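A student and a teacher sit down to read a protein model together. How does one get from a picture of a chain to a description of it?

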Amino acid sequence: MELQIKTSGDNYSLSVMGDLTIYQVSLVKEELQSKLADLTQSVELNLAGIEEIDTAGVQLLMMLKRNVEQGGGEVTLSSISESVEQVLSALDCLSWFGIEEQAA
């Protein structure tokens, strides 16, 4: 798992690559909390590099989104991998993240 954080003014760009499962979530959470101490800014998530995600990974993303929004910021998803889309769809969470479900 690799986490890249870039800042541009008040905006954060966050890219996650590799797996985001129960085995990586605590490490990612610690890294996010240490690097993003002020989660009140706009955060753009790039999840195109995620190979595997489970409910623990989805919960971490939901926590990040909730914390940013409670601080007055906004979280947007710039792109997601097929595995992320499948899991979010199976959990009926696509709209929660602002993603429109593709017609079958």
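The dialogue below goes from the overall fold to a single side chain.

Q: What should I know about the model before I start, and which helices and strands do I look for?
A: The model is predicted. Begin with the elements: the protein chain has 3 helices and 4 strands. Then read them in order along the sequence, which gives the pattern β-β-α-β-α-β-α.

Q: How many residues does the protein chain have, and what does its radius of gyration say?
A: The general idea is to set the value beside the one expected for a compact globule. For 104 residues that expectation is near 13 Å, and the protein chain has 13 Å, so the two agree. The outline can also be given as a box: along the principal axes, the C-alpha atoms fill roughly 40 × 25 × 20 Å.

Q: What do contacts say about how the chain folds back on itself?
A: Look at how far apart in sequence the touching residues are. Among contacts with a separation of 6 or more, 73% join residues that are 24 or more positions apart.

Q: How many positive and how many negative side chains are there?
A: There are 5 positive and 17 negative ones, and the centres of the two sets are 9 Å apart. As for the surface itself, the accessible area is about 6,100 Å², with 44% of it belonging to carbon and sulfur atoms.

Q: Where do nonpolar side chains usually go?
A: In soluble globular proteins, they tend to be buried together. In this protein chain, 38% of the 104 residues count as buried. The largest nonpolar core has 28 residues, and Leu14, Leu20, Leu45, Leu47 and Leu88 touch the most other members. Elements giving two or more residues to this core include β2 (11–20), α1 (25–35) and β3 (42–53). The element that gives the most is α2, with 7 residues.

Q: Which residues does Leu14 touch?
A: Leave out residues up to four places away in sequence; among those that remain are Leu3, Ile5, Leu32, Val43, Leu45 and Leu64.

Q: Is Leu32 buried or exposed?
A: Compare its relative accessibility with the cut-off, which is under 20% for buried. Leu32 has 6%, so it counts as buried. Leu32 is placed in helix α1. Apart from neighbours within four places in sequence, Leu32 is in contact with Leu3, Ile5, Leu14 and Leu60.

Q: What separates the C-alpha atoms of Leu32 and Leu64?
A: Give both distances, along the chain and in space. Leu32 and Leu64 are 32 residues apart along the chain, and their C-alpha atoms are separated by 8.7 Å.

Notes:
Residues are numbered from 1 along each chain as its sequence is written. This is a predicted model: local features need pLDDT of at least 70, side-chain atom pairs count only at pLDDT 80 or more; totals for chains, interfaces and linings use all residues. Side-chain values use heavy atoms; hydrogens and water are left out. The radius of gyration is taken over C-alpha atoms; the globule rule is 2.2 Å times the number of residues to the power 0.38. Buried means under 20% relative accessible area, exposed over 50%, partly exposed in between (1.4 Å probe, protein chains only). Contact means heavy atoms within 4.5 Å. Accessible areas come from the Shrake-Rupley method with a 1.4 Å probe; for residues, only the protein chains shown count as cover. Lys and Arg count as positive and Asp and Glu as negative; His and the chain ends are not counted. The place of a charge is taken as NZ of Lys, CZ of Arg, CG of Asp or CD of Glu. A nonpolar core is a set of buried Ala, Val, Leu, Ile, Met, Phe, Trp, Tyr and Cys residues joined through side-chain atoms within 4.5 Å.
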